[in-house]
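Work through these exercises with the sequence and the 3D view side by side. Try each task before reading its solution.

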Amino acid sequence: MYVFFDLDRTLMNFELGEDMGIKIIFETYKKDIKMNYEQFKSTWKEVAQKTFDEYSAGLHTFDEQRHLRVYRMFEANGVKLSSEETDKRFDLYWSTYEKGVDLFSDSRAILDNLKNHDIPVALISNGDVSNQYWKLNKVGITSYFNPIIISGEVGISKPDLGIFELALKKAGAEKEKSWYIGDSMVHDIEPALKFGMNVIYLNRKLESEEVLYHKKDKLVYAEVKSLDAAWKVLENYL
């Protein structure tokens, strides 16, 4: 068994930091914003995802997409920012964001359980190399993973199946004995299944801790509310 993880929204709860950053921007620049706070927050997240997807597709550099989200947010509120003002507002967002980024409460336990059972663990993440390593090092989990595959380093982004192929090759793992755990149907679950890996779909919006099993040929396709439940799935296949 070899277990591959997604990082953001799976192990890493960056949204607490994101929410803190959005709030400080809203409160500081309220005079430039026509939306109420809830509208501003939901629109920010939509814009951030759109610009990140554009970055993943090679349309922007990592820094360009981070600043572009700020520019687009204020443009949507009728304000066109200069490059200097965009940088200033992004820096305020980012310095606040950094304080809130942390692991989900159930992340370390599954990593420790896998380590204690001598089950190798790897990471496949879309993003910038320095930013993803900053997150891993901030919460002290870098050493759990071998290999660590980050799209910004290898030049392939999920859902491209090539990044899964590269990860398994570097791990020396077999598809039918490998598992992928992630939170996104589009970027994690669908491509991993298509590639031929067993998957655990982490859907934190589920109401019950009961594991849902979906039919997918000879592969295991489980849906869970938490990483605690994900571990229980993996235990059955040790």
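A salt bridge here is a side-chain nitrogen of Lys or Arg within 4 Å of a carboxyl oxygen of Asp or Glu. The model is predicted.

**Exercise 1. Salt bridges as a network**

Task: Find which residues are linked with R9 in a network of salt bridges.

Solution. Start at R9 and look for linked charged side chains. The network takes in E15, E18, D19 and K45 along with R9. Then set this in context: the structure holds 16 salt bridges.

**Exercise 2. Two pairs within helices**

Task: For the salt bridges E27 to K23 and D63 to R66, state the distance, the spacing along the helix and the burial of each partner.

Solution.
- Step 1, distances. The closest N and O atoms of E27 and K23 are 3.5 Å apart. For D63 and R66 the value is 3.2 Å.
- Step 2, spacing. E27 and K23 sit four residues apart in helix α1 (residues 15-28), about one turn. D63 and R66 sit three residues apart in helix α3 (residues 62-76), also about one turn.
- Step 3, the reason. An α-helix has 3.6 residues a turn, so residues three or four places apart point the same way.
- Step 4, burial. Buried means under 20% relative accessible area, and exposed means over 50%. E27, at 44%, is partly exposed. K23, at 40%, is partly exposed too. D63 has 45% and counts as partly exposed. R66 has 13%, so R66 is buried.

**Exercise 3. A pair that links distant parts of the chain**

Task: Locate R204 and D106 and decide whether each is buried or partly exposed.

Solution. First, the contact: the two side chains meet in a salt bridge, 3.1 Å from N to O. Next, the location: R204 is in the loop between β7 (198-202) and β8, while D106 is in the loop between β3 (102-103) and α5. The two are 98 residues apart, and the pair links distant parts of the chain. Last, burial: R204 is partly exposed at 27% relative accessible area, whereas D106 is buried at 7%.

**Exercise 4. Reading the sheet**

Task: Give the strand order, name the edge strands and place the helices on the sheet.

Solution.
- Step 1, order. Seven strands form an open sheet, β5-β4-β1-β6-β7-β9-β8, with mixed pairing.
- Step 2, edges. β5 (148-150) and β8 (212-214) each have a single partner strand, so one side of each lacks a neighbour in the sheet.
- Step 3, twist. From one strand to the next, the twist averages 20°.
- Step 4, one pairing. β1 (residues 2-5) and β4 (residues 121-125) run parallel and are joined by three bridges. V3 has V121 as its bridge partner in β4.
- Step 5, helices. Helix α5 (residues 107-116) lies across β1, β4 and β6 (178-182), at about 160° to β1. Helix α6 (residues 129-139) packs on the sheet, touches β4 and β5, and makes about 140° with β5.

**Exercise 5. Helix α9 from end to end**

Task: What caps the N-terminal end of α9, which of its residues are buried, and what do they pack against?

Solution. Begin at the N-terminal end. S184 is the cap: a side-chain oxygen lies 3.3 Å from the backbone nitrogen of V186. Move along the helix (residues 185-195): D188, I189, P191, A192, L193 and F195 are buried. These residues pack against α8 (161-171), β6, β7 and β9 (221-224). Finish just after α9, where G196 takes a positive phi of about 110°.

Notes: Residues are numbered from 1 along each chain as its sequence is written. This is a predicted model: local features need pLDDT of at least 70, side-chain atom pairs count only at pLDDT 80 or more; totals for chains, interfaces and linings use all residues. Side-chain values use heavy atoms; hydrogens and water are left out. Two strands pair if DSSP finds at least two bridges between them. Axes are lines fitted to C-alpha atoms, for helices over the stretch in contact, and angles run from 0 to 180 degrees between N-to-C directions. Contact means heavy atoms within 4.5 Å. Buried means under 20% relative accessible area, exposed over 50%, partly exposed in between (1.4 Å probe, protein chains only). A polar contact is a pair of N or O atoms within 3.5 Å; within protein, one must be able to donate a hydrogen and the other to accept it, and residues adjacent in sequence count only if both atoms are side-chain atoms.
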